[in-house]
Amino acid sequence: MISDKNSTINIDIDKIIFLLLSNKKRILKSSFINLILCIIFYFFYPSQYMSSFVLMPNQEFPSSQIQNSAALFGLGDNFNNSKELFNTPDIVEKLLKSRSFSDKLIDGSIIINGQSNTSEGIVVNILDIVIPKNANSENISEDFQNKLKSIIKINKDIETGIYNIDVIGDSPDIAFALCNKVVDDFLLTRKEILLSLTYEEKNYLKEQKIYLEDIIQKLESELVKFFETNSNYLESPMLILKHERLKNKLDLTSQIFWNNQQRLDKLYLEEISTISGLIIVDHPSIAGKAFFPTIKTSIIIFLLSVFFINIPLSIYYYHFKK
């Protein structure tokens, strides 16, 4: 008897043993059928293989080496590395399930058994995705995304920030090839997103750099020409004023040029820090054996079916006949 303050449950062990012994033949027969079904399941169910890679956030590199490098460019304490590094588990998981990632994965080449296959829709064919005749690209992308969610498993450790990403395939080579493509396209997609954050500003600064260099060259030429034609300019207040204007304009333009150059260098350093925010600790490898089904899983299925299906049904049948 098991009791607590609110309820009391009576368990008659002798009665349970009696019921089991009374139905042992029926239980053994039905369990034997379950055993045969589990054996058939183990040998004939399509084997699934897994290839994995491990990612680890790299927080030390941006905060130390990049900051020291920034100081060499005169950025000093102005260097701010507080931008999102795209290395938190939640962001990585969302990126792996994003449309931009799946669209990139669905295209391109994939290497199986050392041979590159660039045929159109190769990944779609490998994942056995059925595409209707009138399906548009948006529907294909959605079906592909749903399929990816079933073959990419993300196990994350919130405390350490390290996460293991598993990719499932129908053979060791396919799982390995898919896993390598997932790694490459994930890193490329992440890099493109990160670089897009500063793309417009970098382009503007590059254009300004060319424009200011041209102005500086013209001002320098004007200043040289001024000296050549006005060697005694110090004797004329008007020429002194003209010289000061040219020199101030050149100095101001040069200052703007170097300020823009420092900002451009800072953006490149920030990109290095964000892109280096993730480290691949373990690269994909070819699985030596299937992860499902295994003998262990088949035994567990058999035992669960016996205890939760065969025995209860046999006892119920015994009472029903009685």
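This passage describes a helix pair, the salt bridges and a nonpolar surface patch in a predicted model.

Helix 8, which spans residues 172-196, and helix 10, which spans residues 237-275, have axes that come within 10 Å of each other and cross at roughly 150°. Helix 8 is therefore roughly antiparallel to helix 10, since angles over 145 degrees are placed in that class. The crossing of the two helices is right-handed.

The salt bridges in the model number 7. One of them joins Lys-156 to Glu-93, with 2.7 Å between the closest N and O atoms. This pair connects distant parts of the chain, as Lys-156 belongs to strand 6 (residues 152-156) and Glu-93 to helix 4 (residues 89-96), with the two residues 63 positions apart. Lys-156 has a relative accessible area of 33% and is therefore partly exposed, the limits of this class being 20% and 50%.

Each helix of the crossing pair also contains a salt bridge. In helix 8, Lys-181 and Asp-185 lie 4 residues apart, about one turn of the helix. The closest N and O atoms of their salt bridge are 3.1 Å apart. Lys-181 and Asp-185 are both buried, a term that requires a relative accessible area under 20%.

In helix 10, the side chains of Lys-247 and Asp-251 form a salt bridge with an N to O distance of 3.1 Å. Lys-247 and Asp-251 are separated by about one helical turn, because they are 4 residues apart in helix 10. Lys-247 is partly exposed, with a relative accessible area of 38%. Asp-251 likewise counts as partly exposed, at 38% relative accessibility. Elsewhere, salt bridges with shared partners join Glu-93, Lys-97 and Lys-156 into one network.

A nonpolar patch of about 930 Å² lies on the surface. The residues that make up the patch are Phe-32, Ile-33, Leu-35, Ile-36, Leu-37, Ile-39, Ile-40, Phe-43 and Phe-44. Of these patch residues, Ile-39 is placed in helix 2, which covers residues 24-44. Ile-39 has a relative accessible area of 38% and is partly exposed. This value allows Ile-39 to count towards the patch, because patch residues must have over 30% relative accessible area.

How values were computed. Residues are numbered from 1 along each chain as its sequence is written. This is a predicted model: local features need pLDDT of at least 70, side-chain atom pairs count only at pLDDT 80 or more; totals for chains, interfaces and linings use all residues. Side-chain values use heavy atoms; hydrogens and water are left out. Patches are made of residues with over 30% relative accessible area and no salt bridge: like charges are joined within 9 Å, nonpolar side chains (Val, Leu, Ile, Met, Phe, Trp, Tyr) within 5 Å. Accessible areas come from the Shrake-Rupley method with a 1.4 Å probe; for residues, only the protein chains shown count as cover. A salt bridge is a side-chain nitrogen of Lys or Arg within 4 Å of a carboxyl oxygen of Asp or Glu. Buried means under 20% relative accessible area, exposed over 50%, partly exposed in between (1.4 Å probe, protein chains only). Axes are lines fitted to C-alpha atoms, for helices over the stretch in contact, and angles run from 0 to 180 degrees between N-to-C directions. Angles under 35 degrees count as roughly parallel, over 145 as roughly antiparallel, 65 to 115 as roughly perpendicular and the rest as oblique. A crossing is left-handed if the near helix is turned anticlockwise from the far one by less than a right angle, and right-handed if clockwise.
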